[in-house]
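Please open the structure in your viewer and keep the selection tool at hand, since this tour moves from one selection to the next and says what is there at each stop.

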Amino acid sequence: MLPVRSPLPRAVLTRLETGRLVVLSVVLGALVGGLCIPLRLGLDLLLRLGARVTGYSPPGTPGEGGLLMAFVGTALPWGLLALPVVGAACAWLVPRETGGPLAQLVGGYHARGQWPTPPLQLRTMAATLLGYGAGLLVGRDAPFTMVGQLGARVLRRATRLDAVETRTLTLAGAAAGLGAVLHAPLAAAVLVTEVLYRRFEFEFEVLMPCVLASVAAYAVYGAAFGFTPLFSVQDLQGPALAQALGFAGVALAVTLAGWASLLGSRVLPEPWTAGVPRVVLGGAFGLLTAALAVLGTPAVLGDGSGWVQLGLSGFLGPEAVGVGAWRWLLLALGARLAFGGGVLPSVGVGGLLGTGGATWLGLDPAVGALVGSVAFLTATLNVPVAAALLAVAWGGDAMLPTALLTAGLAHVVSGEAGLLGVQARSRAASAVHAGGALTLLPEGVRLAARRSPEDTPGTPLDAPAADGGPAPLTSDRELYRRAVPSGWQGARLSVLSLPPGVEVVGIVREGTVRPPRPELRLTAEDELVFLARPEAYAALEGVLRLPG
């Protein structure tokens, strides 16, 4: 039966719903933080195994247990032949339609919560682990981002969530994973809410759940591994006014490099990124990485974060520009194949370019590394505020004015382009916000033409048209799409009691529209497509939003 309307005032219901979301965000953060502990142990094991195969281990970061870790010999040519195989496997495992973990997060949100199925997400997880362990351009943050999304799925199975809560908590789960691996919970929360759009816009309604989940995850994760910042920066001072022009030049140069990488990522034709050509290109990407390592540039192995640490410590000079340029090339060629589309690969490229540029100009290389990271991250992912907060979390409060100015300059110069093609241009262009209750339907649902004023009134909705085609909709009925209310979850369609003027004409499940069969049971992941008169649907909408 249709659930009855709650006698509680709407203000009380809003407070209850908010309190529930707060509790769920904290619980999700603790869950993701716990899941990140074995993930870090597993990544450390994979790196050791990869070093045995390739004969080389790149430096790490202090926060992830890699403070200037030793280089295991030099790259072995025969061991590096494993990279083409790994590259092909990664390209095959990551779905072309959804992309890497961060692209899946952004695209799934704008598709009204239609994220890839758990098997596809597990395949993506396997690809990130394989690529990162082998030394390809896959950031350490990629598997943590995916673990956060999987943690939200686990919570959804244990707790009844409606579609709005599911979308919000999936973003919060990703923020929790990123907060743990980046050792910057506030910056990670802002990044997740900011990366959804190419314009300077935010999802303010999900920012607080992301903050709560990220802080809770970092508390659990840090209790196991400590709360050391991801990078170690000693006595960093903000640049003097006389040096501001030099660092502005570094920021501008790195921003232009980031903008050029976006153009380079479009070199590969779209048909080449699907099917067998995608796998072949993945193998070619691994072969190119191996060739560069053998030719004397083993610094191209890994996500580059360890080399940024060397730059921050003053161990790199102008040669850092060369290393950053090779990484820039790999990012431009591999982005369409889900290589380098996360946070730390952009930090690595920008940090190395900034270090080399600052050294050439006689400036502080540590400040140059952070300036370059902020500029490149802003240009490639459209996250100016999050990039500035990351620089402050890693370099200290003295970096705040420089980081903000760099992020603003980079965002103005680079425009709205980005590595994540699934980003919406603005909130108005997102299916989540467009048209209020519902105006956008997925592929497979077509709005029938309304009846013209000349048509005979009173024709039944299912009556055939004069030309034998399907009957047009009556002018007083419209299509609406809403999440399944918690009180209906588990019920068959045949037992639902709808008010006059409202009927269910479709079920959205896993991105496809299914016919409303009477024996079909509704789940928390489904959405209902209603055909209703506006006044009848207005009466129904209050019931749909009641907590279960």
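The stops below go through aromatic pairs, charges over rings, one helix and one loop residue.

Before selecting anything, bear in mind that this is a predicted model, in which the count of aromatic pairs comes to eight. Begin with Phe144 and Tyr221, whose rings form one of these pairs, with 6.1 Å from centre to centre and 90 degrees between the planes, an edge-to-face arrangement. If you colour the helices, you will find Phe144 in helix 6 (residues 141-158) and Tyr221 in helix 9 (residues 204-225), so the pair ties together parts that are 77 residues apart in sequence. Are these two residues buried or exposed? Phe144 is buried, with a relative accessible area of 0%, and Tyr221 also counts as buried, at 0% relative accessibility.

Next, select Phe231 and Trp394, where the ring centres lie 4.9 Å apart and the planes meet at 85 degrees, so this pair is edge-to-face. Here too the pair links distant parts of the chain, since Phe231 sits in the loop between helix 9 and helix 10 (244-264) while Trp394 belongs to helix 16 (residues 384-395), 163 residues apart. Both Phe231 and Trp394 are buried.

Now return to the first pair and add Phe225 to the selection, as Phe144, Tyr221 and Phe225 form one aromatic cluster. With Phe225 shown, add Arg40, which lies over the face of that ring, at 4.1 Å from the ring centre. A further arrangement of this kind can be seen by selecting Arg123 and Trp92, with Arg123 over the face of Trp92 at 4.8 Å from the ring centre.

Move on to helix 11 (residues 275-294), where the 20 residues, at 1.5 Å a residue, should span 28 Å, and where the end C-alpha atoms are 29 Å apart, which agrees. Show the side chains of its buried residues, among them Arg278, Phe285, Thr289 and Leu292. The buried residues of helix 11 pack against helix 2 (77-80), helix 3 (82-93) and helix 13 (320-334), which you may wish to colour separately. Following helix 11 comes Gly296, whose phi is positive, near 105 degrees.

For the last stop, select Glu519, in the loop between strand 3 (512-514) and strand 4 (527-532). Glu519 is partly exposed, with a relative accessible area of 49%. Add Arg492 to the view: the two residues are 27 residues apart along the chain, and their C-alpha atoms are separated by 5.5 Å.

Notes: Residues are numbered from 1 along each chain as its sequence is written. This is a predicted model: local features need pLDDT of at least 70, side-chain atom pairs count only at pLDDT 80 or more; totals for chains, interfaces and linings use all residues. Side-chain values use heavy atoms; hydrogens and water are left out. Rings of Phe, Tyr and Trp (its six-membered ring) pair if their centres lie within 6.5 Å; planes under 30 degrees apart count as stacked, over 60 as edge-to-face and the rest as tilted. Helices (H or I, at least four residues) and strands (E, at least two) are DSSP runs, numbered from the N terminus. Buried means under 20% relative accessible area, exposed over 50%, partly exposed in between (1.4 Å probe, protein chains only). A charge sits over a ring if NZ of Lys or CZ of Arg is within 6 Å of the ring centre and within 35 degrees of the ring normal. The expected span of a helix is 1.5 Å times one less than its number of residues. Contact means heavy atoms within 4.5 Å.
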